[in-house]
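Subject: Handover of a structure and findings

Dear colleague,

Please find below the structure that I am handing over to you. My findings follow it.

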Amino acid sequence: METTYSVVTYTDQHKTVWDTFCKEAKNATFLFERDFMDYHQDRFEDHSLMIYKKNMLVAVMPANRVGTAIHTHQGLTYGGILLSAKVKLLDCIEIFKELLMFLNNDGFTTLYIKQIPRFYTRLPSEELEYLFFLLNAKCSRVDTASVIDYSNKLPIQSNRNEGVKKAQRHELSIKEDDNFKDFWDRILLPNLEKRHQATPTHTLEEIILLKKRFPEQIRQFNVYKEGNIVGGATLFETHTTAHVQYISADTNKQELGTLDFLFDYLITERFTDKKYFDFGISNEFDGTKLNKGLSYWKESFGARTFVHRFYEIPIENFTLLNDVVI
């Protein structure tokens, strides 16, 4: 019997259809729109896929290929299969089986998925977790994200409030600013170089470009003392979540209470309309080590743990989905 599903490889001609779908998918964020994904397209060999049921687009998979492996997607914090709100569990089984069969016929051997954490999804979207179990997928990595759930908000610890009082005594001020240059050049880049001999994921030019493309979703908040920048944070705002992409402050942050002051404002005033406030992960070495101080600082604002799971799936295991439904 001929299947009602078909898989199409994404090309630039599909951009409008892709973006429209991602804006409406139950488990997508703006990171999956092509204007975000393609800012670093020169670094990856894109192999994104679109799954149709007859003539209706029901799922997409942002992906890149490395030899016979396919990843969803190495240039993104999270990925997976993005689903229409109309897709039910039985549909998802058929969709994923069709996808794996397509990849198998294309010569791929392994699918690597960075599963999107559930605090980013607008509707329950854990169908794939069940399918990973059926497919004998290997959970190859787990990162821990520190997240505030606004529906069950915990109080901020007293030591953070002391930092806020320090900032008030020093007359610090907070400003949302479209100018990323001061934060990048004077705060973020020097700190990363000094402490970690590292650079941020996004260059200054890239974050400026992404801000132009997504002015409502990418936000910069800076802290000033007497007109001089002393710290700041870059946030990515999705439908459900305010995610902290970058945090940094100058060497006087403890004396001034810079970051306590900033995050007290962001959490208790600026983003209270969201379901979640995500500080991001505190893991290093592919999830095997936890930065104790960083994790403690985030949790002292009332954040608790969600996980980012990474899966490795042998594509030939698609046959294990043949007789699931009874």
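Two strands are said to pair if DSSP finds at least two bridges between them. Helices (H or I, at least four residues) and strands (E, at least two) are DSSP runs, numbered from the N terminus. This is a predicted model, in which local features need pLDDT of at least 70 and side-chain atom pairs count only at pLDDT 80 or more, while totals for chains, interfaces and linings use all residues. Residues are numbered from 1 along each chain as its sequence is written, and side-chain values use heavy atoms, with hydrogens and water left out.

I begin with the ten-stranded sheet. In this open sheet, 10 strands follow the order 4-5-7-16-8-13-12-11-10-9, with mixed pairing. Its edge strands are strand 4 (64-66) and strand 9 (173-176), each of which pairs on one side only. From one strand to the next, the twist averages 25°.

Within this sheet, strand 11 (residues 228-237) pairs with strand 10 (residues 218-225) in the antiparallel sense over 8 bridges. Across this pair, Tyr 224 stands opposite Ile 229, and Phe 221 stands opposite Ala 233. The hairpin of strand 10 and strand 11 has 2 residues between the strands, and Glu 226 takes a positive phi near 55° there. Strand 11 also pairs with strand 12 (residues 241-249), again in the antiparallel sense, over 7 bridges. A hairpin of 3 residues joins strand 11 to strand 12, and Leu 235 faces Val 244 in strand 12. Of the 10 residues in strand 11, 9 are buried (under 20% relative accessible area, with exposed over 50% and partly exposed in between; 1.4 Å probe, protein chains only).

A further open sheet has 4 strands in the order 1-2-3-6, with antiparallel pairing. Strand 1 (5-9) and strand 6 (82-83) each have a single partner strand, so one side of each is left without a neighbour in the sheet. Strand 1 and strand 2 (residues 49-53) pair over 5 bridges, and Val 7 stands opposite Ile 51.

Next come the helices. Two packed helices are described by the angle between their axes and the distance between the axes. Axes are lines fitted to C-alpha atoms, for helices over the stretch in contact, and angles run from 0 to 180 degrees between N-to-C directions. Helix 5 (residues 158-169) and helix 9 (residues 258-270) pack at about 105°, with their axes 7 Å apart. These two helices are therefore roughly perpendicular to each other (65 to 115 degrees; under 35 counts as roughly parallel, over 145 as roughly antiparallel and the rest as oblique). Among the residues of helix 5 that meet helix 9 are Asn 159, Arg 160 and Val 164, and Asp 260, Phe 261 and Asp 264 meet them from helix 9.

Lys 274 lies in the loop between helix 9 and strand 13 (276-281). At 11% relative accessibility, Lys 274 counts as buried. Leaving aside neighbours within four places in sequence, Lys 274 is in contact (heavy atoms within 4.5 Å) with residues including Tyr 150, Glu 237 and His 239.

Finally, I turn to the nonpolar cores, which are sets of buried Ala, Val, Leu, Ile, Met, Phe, Trp, Tyr and Cys residues joined through side-chain atoms within 4.5 Å. In the largest, of 41 residues, Phe 32, Phe 36, Val 60, Leu 82, Trp 184 and Ile 218 touch the most other members. Helix 6 (residues 181-196) gives the largest share of this core, 5 residues. Apart from it lies another core, of 33 residues, among them Val 7, Ala 59, Phe 108 and Leu 134.

Yours faithfully
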